[in-house]
Structures are given as C-alpha cells and as structure tokens.
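Got your viewer open? Grab the mouse, and let's take a walk through this one together.

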Amino acid sequence: MSAVTAPVADRALMTYVLRLADTALVLAQRLSAWIGHSPAIEEDLGCANIALDLLGQARLLYAYAGELEGAGRTEDDFAYLREECDFLNATMAELPNGDFGQTIVRQCLLDLWRLELFERLTQSTDVRLAQIAAKAVKEIRYHVRYSSGWLVRLGDGTDESHQRVAKALTTLWPYVTEWFAEDAMEQALTERGVAPSVAAVQVGFETRLAPILRDATLTRPVDVDYRWFGKRAQHSEHLGHLLADLQSLHRAHPGAQW
Amino acid sequence: MTAAVSPEASAVWAVLRAVPDPEIPVLSLWDLGVIREVSVQGRDVVVGITPTYTGCPATAVIKSDVAEALQQAGYMAQVHDVLSPPWSSAWITPEGCEKLRAYGIAPPEFPVGRVAALLGEEVTPACPRCASRQTELLSEFGSTPCKALHRCCACQEPFDRFKCI
C-alpha cells in the first residue's frame, strides 16, 4: 500500500482521474497480449497501436493525478507500485481477451463509452482534464473506426463469427452497467462541471451503439443487475494476474527505467 | 508566422528547421508542425513541442534531438511539452506534404468545404507513385502511430498514408 500522508486538496478529482487512467492502462496491457498472436499482421498492428495510444493517455492522466496528489508520485509509481485493491479501472477492461471476437466486442463497447465520455470531458471546467480529453478524443475516434468495423464484419460475417461475437456480447454486457451506475463522487463532480453527467453519457453511448449492432445483425442484450465495481476497487479475479505480469519487471528490478 | 522575427529568433528557427523527424527523416520537425512555441532570450531558448500521438515513442527522441541541435549551435535549450491545442495532421506544411509524397508516403488530405468535413467524408488517397485515386485501405494502422496502410489498384504497390486526425 502506498503511504500517503499529505492531505490532497481535491481527492475526488484525483480519484476520478485515476479511474480514467487505470482503465486506459489495464486495457492497453490486455490488448498488447495480442502482439504476435493476432489472426493477421494488420490486427497485430491494430491492437498494438490502440494499446500504444491508451498507454499514452494513461501517462498523461497519471502525471496529472500525481500533481493533484502533490506527494511526488510519478506515472511509474501509479502503474507499478500499487496493488490490485488500489486500481480503479472499469472491470470490463481487465477481462481476458478470449477469442479475437470477444476482444473486438470488449474494445468496441469500451471505445464507444470512452468516446462519448471524453468528447464531453473536452467541456470540463477542469482545464487540464479538458486538454487531455481533447488530445485523447482524436485517437479514440480512430479506435472506434477499427473496432466497430470489425464488429460489423464479424457479426454480419459467417455463422461461426456471428455466433462467437453474439456470445461475447452476452458475456460482456453485464459489465457495461457499472459505467452508468453513478456514485456520489461522480455526482458531485458533475455538479461542479468537472465530469459529464453519467446519464447523458449513457444516452450518447446507446445512440452510437444501436446502428453498429444493427449493421452487425446483433441484438442488444437486456440489462442485468450490476455485480462488479472495478471503479471502487472491487475487481474480478482477473486483475491480480494481469498486474502480476504488468509489474513483474519492476518488482524484480526495483526502480528500473527504460 | 508573418510577424516580424528578430534576427536572434531567426537564427534559432534556422537550427530547428534542420532537425529531422526521427522516424520519417525526410520530414523536418518544422514540416511536421510539432514545434509550437519558441522564445529566445540571448542564448537561452525555450521550445514547446506537442506530441503527434499521446503514446508516440518518437516524442522523447524528438525532444532530445531538439535540445541537442540547439546545444550544438551554442544555445542553452529547455524543451517542454505543449498539450493544447492537440496536434492535427493538417499542421504538416505544404512543403512537408510534397516531401512525404516524394518519399512514397501519401500526405494527409482533408475534404474541401465545411459541409464535407462535418459529414466526416474521407478523401481517397492518391498513390504517391502513380497518382491514381484507385486505391484501397489495407489496414487502419501502419508501421508508426501516424500512418495507415493502403494499396494502389492501378500500379499494385502498397503504400503508407499519413492518418488524418
């Protein structure tokens, strides 16, 4: 556990920024595992490039979180020296890759949510967060092209590919509800104009998703009661294993720098 | 850019214009549009650089190349990041676009007219070798974060294209 003693002026904002950063980092780690294993070299490049963008976004957000905390923690400290119970990523980002179809479903859902969220964050009253969002949103738009293009191809493809992405969509959908289950901290940040309204983000997400699912000949699953709260550090069993990989080099060689 | 520039600032700009991009050396950093601020106080120079993509591994190299070039020219250089406004491939200079084409990379092209741009229309890139517009996308992502891979249906050659962001 990190020993933070100094009071943080804006703990809510720092926590919110860490949630965004952790989701980007954890998803980047998952996508990177496709390198050398993708169905084709173009998909190796696609997953690697999206992972690289996510890593870049995570770095900007961690640097900001460190400044907000004011305790001297760096990007590396946040990524390598925190435990599972400190990570605040959305649970879906940590779920295993499954087959390529499942990775694409996970990516498309997360891309559409992040696009809607970051487009609105460009209007945040927090100037730094708005600037980071303006930079990230250009990259996320490009990610949506990739993941939604693949989702349509697989959904409207062969019987086998359709069946696989339909199953993945049913498996992953329960993890969507966490994004739109607003907590008191998010509500307070929305009232300050720092974070967009969770309800508005949900409407935007559904509006973007509907035509993609239609083209992919897929049906939106029905909502179930949410069970996971990665954003409150209540994770699935998968995050610990992911972090063991992600942090292994730094734990074997403390303070290692590239 | 049309404002009068002091002689000492011009000398600094001359140094900066000669620093090549580490991954596409035919392009200078000036051509790429990543140099956003330059202030000169005697021999002290402060340069603001904006990354093309947040995760682009070349960003660190670009910053150290700029600092080194200025130090070799006898300046004390400080290089920092500029986050806002975010870089756009529309900032690549016209000369830079020509250099890219000659190098075999299709430069970014944006739809003409606001309506087309608002509708998110895309310009089909012209083959940098034979100029044919009969080209197709092979991969949304290429060998660096800033490029996509296309193919010319006329001359059959694959080519890189600068992504339009």
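Which residue just after α2(A) takes a positive phi? Click on Gly70(A): its phi is about 70°. Before we go on, keep in mind that you're looking at a predicted model.

**Stop 1: a helix in chain A**

Now select the helix that leads up to that glycine, α2 of chain A, residues 41–69. α2(A) has 29 residues, and from its first C-alpha to its last it reaches 41 Å. That's close to the 42 Å expected at 1.5 Å a residue. Is α2(A) mostly covered or mostly open? Mostly covered: 21 of its 29 residues are buried.

While you spin the helix, here's a handy rule: an α-helix has 3.6 residues a turn, so residues three or four places apart point the same way.

**Stop 2: the nonpolar core**

Stay with α2(A), as it gives 13 residues to the largest nonpolar core, the largest share from any element. That core has 74 residues, and the ones that touch the most other members are Val17(A), Ala21(A) and Leu61(A). Pick Leu61(A) and show what's around it. Leaving out residues up to four places away in sequence, Leu61(A) touches Val17(A), Leu20(A), Ala21(A), Ala24(A) and Ile132(A).

There's also a second, separate core, this one with 28 residues. To find it, select Leu27(B), Ile35(B), Leu70(B) and Tyr75(B), which are among its members.

**Stop 3: where the chains touch**

Colour the two chains separately. How many residues of chain A are in contact with chain B? The count is 20 residues of chain A, against 14 residues of chain B. On chain A's side, the elements giving two or more residues are α2 (41–69), which you've already met, and α6 (127–155). Sort that side by class and you get nine nonpolar, five polar and six charged residues.

**Stop 4: two domains in chain B**

Hide chain A for a moment. Chain B is divided into domain 1, residues 7–81, and domain 2, residues 92–162. Their C-alpha centres lie 26 Å apart. Each domain puts 10 residues into the contact between them. The domain 1 side of that contact has five nonpolar, three polar and two charged residues.

**Stop 5: the sheet in chain B**

Switch to cartoon view and look for an open sheet of four strands in chain B, in the order β4-β7-β6-β5, with mixed pairing. Which strands are at the edges? They are β4 (105–106) and β5 (135–139), and each pairs on one side only.

Next, select β7(B), residues 158–162. Four of its five residues are buried, so call this strand mostly covered. On one side, β7(B) runs parallel to β4(B), joined by two bridges; find Ala106(B) standing opposite Arg161(B) there. β7(B) also pairs with β6(B), residues 147–152, through five bridges, and these two run antiparallel. In that pair, Arg151(B) stands opposite Pro158(B).

For the last click, follow the hairpin of β6(B) and β7(B), which has five residues between the strands. Gln156(B) is the one to pick: it takes a positive phi near 70°.

Conventions
Residues numbered from 1 in each chain as written. Chains lettered and ligands numbered in written order. Predicted model: local features only at pLDDT ≥ 70, side-chain atom pairs only at ≥ 80, totals over all residues. Contact = placed C-beta atoms within 7 Å. Nonpolar A, V, L, I, M, F, W, Y, C, P; charged D, E, K, R; others polar. Pairing = 2+ DSSP bridges. Expected span 1.5 Å × (residues − 1). Buried ≥ 20, exposed ≤ 12 C-beta atoms within 10 Å, placed from the backbone. Domains from an automatic or database assignment. Core = buried A, V, L, I, M, F, W, Y, C linked by C-beta atoms within 7 Å.
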